Amino acid sequence: MAQQEGLSDYDNIFLHIFAPSVTSFAKWVLGKAHSLGIKRLYFLARDGWLLQYAAEKLAKTAGYHIEMRYLKVSRYSLRMAQYRLMGEKCVDLICIGGIDISFQKIMKRAALTEEEARHVAELAGYSQQYLTPLNYTQIQGLKKVLAKTVPFLEYVRKHSEDCFGNTLGYLAQEGMLEEIPYALVDSGWIGTTQMSLQQLVSAALGQERKMEGFYFGLYGLPPGADPGRYHGYYFTPGRGIHRKVKFSVCLFETVCSSPGGMALGYEKQGTRYLPREADGENPNRKIMERNRELLGQYLQAYADSFSGGRSFGSYFCLNPQEGAALVAKLLKLCMGTPSKAEAELLGSLQFCDDVLELQMQKVAADWDIVEIKNQRFVSKILIKLNRKKEKLNESGWPEGSIAKAGGDVRGNLRQERMYKYFMYARKALCKSGT
């Protein structure tokens with residue numbers, strides 16, 4: 001690959017970092033599906049777009065006979081229908097953290113109109129903070145208030161009722177009510193989409209439907225989830241802390257996405273249920289399309305290695321553990337300790353970490369010296385505890401922001417790793433109850 005002419009610096013990064021990662025994960029998915037007797041795989045939009053492409057090519061080479069479908073869903077499209085089944089517990093999914101999350105954005109997650117949102121803000125005492133970014137502690141406080149605000153819950157129920165039928169119609173159309181053994185494939189992180197689909201499909205069937213899920217990585221699981229049905233490749237809730245510390249969810253999702261827009265809901269046209277996509281073009285569309293071309297080149301090299309066309313056989317034939325170890329070396333270098341060139345090329349891609357893409361921004365935010373100081377371990381902790389007045393400018397890929405800023409990059413990356421280790425250790429302790 002490295003000797004091919006006409007490849008840009010970005011092309012080389014994708015071919016040497018992300019193409020092997022996607023391929024190795026897809027290979028693992030096929031192996032797990034085969035061992036569990038899975039007959040159909042649903043690749044979830046939009047992170048499943050490249051994965052499905054890789055899996056289809058690999059299955060053909062390896063002789064697997066597994067049906068593969070692309071399911072056009074999003075956290076938003078599913079949760080909007082799911083809220084109808086949850087009552088006041090819907091606030092647990094509506095009031096989650098993120099970058100620059102305001103009261104207004106939280107209301108949009110529940111599909112409230114501006115008039116409805118202003119009404120709720122007045123009742124909840126947030127009229128003056130309507131557009132003000134809220135930190136994690138403030139969002140948790142808001143959650144308690146909204147759970148007791150009856151008009152808010154009624155607005156949510158009404159909007160959920162409006163989309164419930166079409167959502168179930170789409171899932172039925174795509175075969176999710178069929179008895180065939182199937183599994184979901186996604187990038188992962190918490191696995192709430194699997195829980196949403198399981199609850200919606202169970203409601204449609206009138207009985208519980210268990211589902212399997214294959215994920216690139218899992219930081220945690222939804223409350224009440226069966227751990228045996230959530231399968232993580234790169235890391236899992238209890239394992240892989242060293243990989244988690246040098247990994248960027250936002251960067252992975254941004255690079256391994258599709259050119260299409262996110263699904264906002266579903267509408268019936270004739271006898272078919274069609275996804276209703278967000279307005280506007282994906283700002284990374286051309287790069288996403290190029291990613292698929294590059295992945296195709298990489299997968300062709302894979303196929304050639306088995307037919308004797310190239311000498312990559314030993315590399316491509318790594319077992320799942322060896323493949324994951326290789327991916328770890330690649331991702332830790334690129335994501336955890338990026339060069340300035342990598343940070344600038346990848347960091348300029350546009351992303352949004354919210355369930356609604358209301359505000360796209362660079363995946364690696366532009367940080368200056370003052371911001372870098374605020375991001376150091378002690379300062380960051382004090383700011384998040386409201387013990388220090390400065391405001392943090394969050395970044396989807398902090399390591400990329402640090403590398404772009406220059407200066408004491410090594411020291412600042414070490415500070416970021418300290419913070420991540422602290423947060424993961426704290427989370428583990430809280431979970432164990434110690």
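Let me start with two helices, H15 and H18, which lie oblique to each other. Oblique is what remains once the other classes are taken out: under 35 degrees is roughly parallel, over 145 roughly antiparallel, and 65 to 115 roughly perpendicular. Helices here are DSSP runs of H or I with at least four residues, strands are runs of E with at least two, and both are numbered from the N terminus.

Some ground rules. This is a predicted model, where local features need pLDDT of at least 70 and side-chain atom pairs count only at pLDDT 80 or more, while totals for chains, interfaces and linings use all residues. Residues are numbered from 1 along each chain as its sequence is written, and side-chain values use heavy atoms, with hydrogens and water left out.

Back to that pair. H15 covers residues 340-347 and H18 covers 398-405; their axes come within 8 Å and cross at roughly 125°. Axes are lines fitted to C-alpha atoms, for helices over the stretch in contact, and angles run from 0 to 180 degrees between N-to-C directions. The H15 and H18 crossing is left-handed. That means the near helix is turned anticlockwise from the far one by less than a right angle; clockwise would be right-handed. Who touches whom? Lys340, Ala343 and Glu344 of H15 meet Gly400, Ala403 and Lys404 of H18. Contact is heavy atoms within 4.5 Å. By class, that contact has two nonpolar, one polar and three charged residues. Nonpolar is Ala, Val, Leu, Ile, Met, Phe, Trp, Tyr, Cys and Pro; charged is Asp, Glu, Lys and Arg; the others, Gly among them, are polar.

Next pair. H8, residues 150-173, packs on H9, residues 192-205, at about 95°, with the axes 10 Å apart. H8 and H9 are therefore roughly perpendicular. From H8 come Phe164, Thr167, Leu168 and Leu171; from H9 come Leu197, Leu200, Val201, Ala203 and Ala204. The tally for this contact is eight nonpolar, one polar and no charged.

Third pair. H1, residues 9-36, and H2 pack at about 65°, axes 9 Å apart. Their crossing is right-handed. On the H1 side, the contact includes Phe14, Val22 and Phe25; on the H2 side, Leu50, Leu51 and Ala54 are among the partners. The classes are 11 nonpolar, one polar and one charged.

Now backbone. Just ahead of H2 (48-62), in the loop after strand S1 (40-44), sits arginine 46. A cis peptide bond joins it to alanine 45, with omega about -5°. Then aspartate 100, in the loop between H4 (91-94) and H5 (103-109). Its phi is near 55°, positive in a residue other than glycine.

Aspartate 100 also helps line the second largest cavity. On a 1 Å grid over the protein atoms alone, a cavity is a set of points where a 1.4 Å probe fits but cannot get out; a pocket is an open set with protein on both sides within 12 Å along at least five of seven lines; lining residues have an atom within 4 Å of a point. How many cavities of 30 Å³ or more? Five. The second largest holds about 70 Å³. Its lining also includes Ile99, Ile101, Lys105 and Cys352. The split is five nonpolar, two polar and four charged.

Last, the second largest pocket, at about 330 Å³. Volume is the space filled by probe spheres set on the grid points, which are joined across faces, edges and corners. Strand S5 (230-235) and helix H14 (320-336) each supply at least two lining residues. S5 gives the largest share, four. Trp28, Arg239 and Arg243 are among the lining residues. Six are nonpolar, four polar and two charged.
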